[in-house]
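Please look over the sequence and the model below. The text after them goes through the structure piece by piece.

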Amino acid sequence: MKKYIILMLSLTVMLGAVGCGAKENGNAEIIGGADGPTSIFLASNAGEQEPADDIELSIPGTWQTASVGYVDGDDMQPDYYVRFSDAEIVYGHMKDGTFAHDHSDEIREIEKTDDGRYKVKAESAEGVQYTYCTSETDTDVLEYYETWNEDEFSDMYRGGASLSKMSP
């Protein structure tokens, strides 16, 4: 009888241990590790990233590309004026002081550090994957890299596509 009770208890403990290890979350992907920065991407069941309620995911203000694109009257205008929403980077032009939408790219991942710096991974409709990162020397500049891979940043930096924040 004692052997039967010990056998049942052992079986219960083994099943409990196996059951606890079987829990999975198909929505979580952990990127990074102990030797580098870690970010967590949580996908919703609908296949889209859902922002957490306590994290501000949009970058405030209107930005402009560093490159000059066209002449409007007597003024040189940047290629694009840019605004950020929680899910898109919206590119446009200024018409009579009003922002006019031209096109949007989808934000795939966005991070904001404690010191207010941003890293935004986006993808264009043509499939170009790029990253905007707050400059280390100027928080009013978002540097443009035509890649998501940080190891390739030095080769994929595009100064003319970087953004500077417009004065309010």
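In this predicted model, strand β8, residues 98-112, and strand β9, residues 118-123, run antiparallel and are joined by six bridges. One position can be used to find the register: I107 has A122 in β9 as its bridge partner.

These two strands belong to a wider arrangement. Eight strands close into a barrel, and following the pairing around gives the order β3-β6-β7-β8-β9-β10-β11-β12, with antiparallel pairing. From one strand to the next, the twist averages 35 degrees. As general background, the strands of a sheet pair through backbone hydrogen bonds, in either a parallel or an antiparallel sense.

Strand β8 also holds H103. Is H103 buried or exposed? Its relative accessible area is 28%, and because buried means under 20% and exposed means over 50%, H103 counts as partly exposed. Setting aside neighbours within four places in sequence, H103 is in contact with Y80, I89, V90 and Y91. I89, V90 and Y91 fall within the residue range 88-95 given for β7. The side chain of H103 also makes a polar contact of 2.8 Å with the side chain of D102. V82 lies 21 residues from H103 along the chain, and the C-alpha atoms of the two are 9.9 Å apart.

Just ahead of β8 in the chain comes the loop that links it to β7, and D96 is found in this loop. D96 is exposed, with a relative accessible area of 84%. Its backbone is also worth a look: phi of D96 is near 55 degrees, a positive value in a residue other than glycine.

Further along the barrel order is β11. Strand β10, residues 129-134, runs antiparallel to β11, and four bridges join the two. Together β10 and β11 form a hairpin, with six residues between them. Within this pairing, T134 stands opposite L142 in β11.

On β12, residues 163-165, the pairing with β11 is again antiparallel, over two bridges. Here L142 stands opposite L163. L142 therefore has T134 opposite it in the pairing of β10 with β11, and L163 opposite it in β12.

How enclosed is β11 by the rest of the structure? Four of the five residues of this strand, which covers residues 141-145, are buried, so β11 is largely enclosed by the rest of the structure.

Technical notes
Residues are numbered from 1 along each chain as its sequence is written. This is a predicted model: local features need pLDDT of at least 70, side-chain atom pairs count only at pLDDT 80 or more; totals for chains, interfaces and linings use all residues. Side-chain values use heavy atoms; hydrogens and water are left out. Two strands pair if DSSP finds at least two bridges between them. Axes are lines fitted to C-alpha atoms, for helices over the stretch in contact, and angles run from 0 to 180 degrees between N-to-C directions. Buried means under 20% relative accessible area, exposed over 50%, partly exposed in between (1.4 Å probe, protein chains only). Contact means heavy atoms within 4.5 Å. A polar contact is a pair of N or O atoms within 3.5 Å; within protein, one must be able to donate a hydrogen and the other to accept it, and residues adjacent in sequence count only if both atoms are side-chain atoms.
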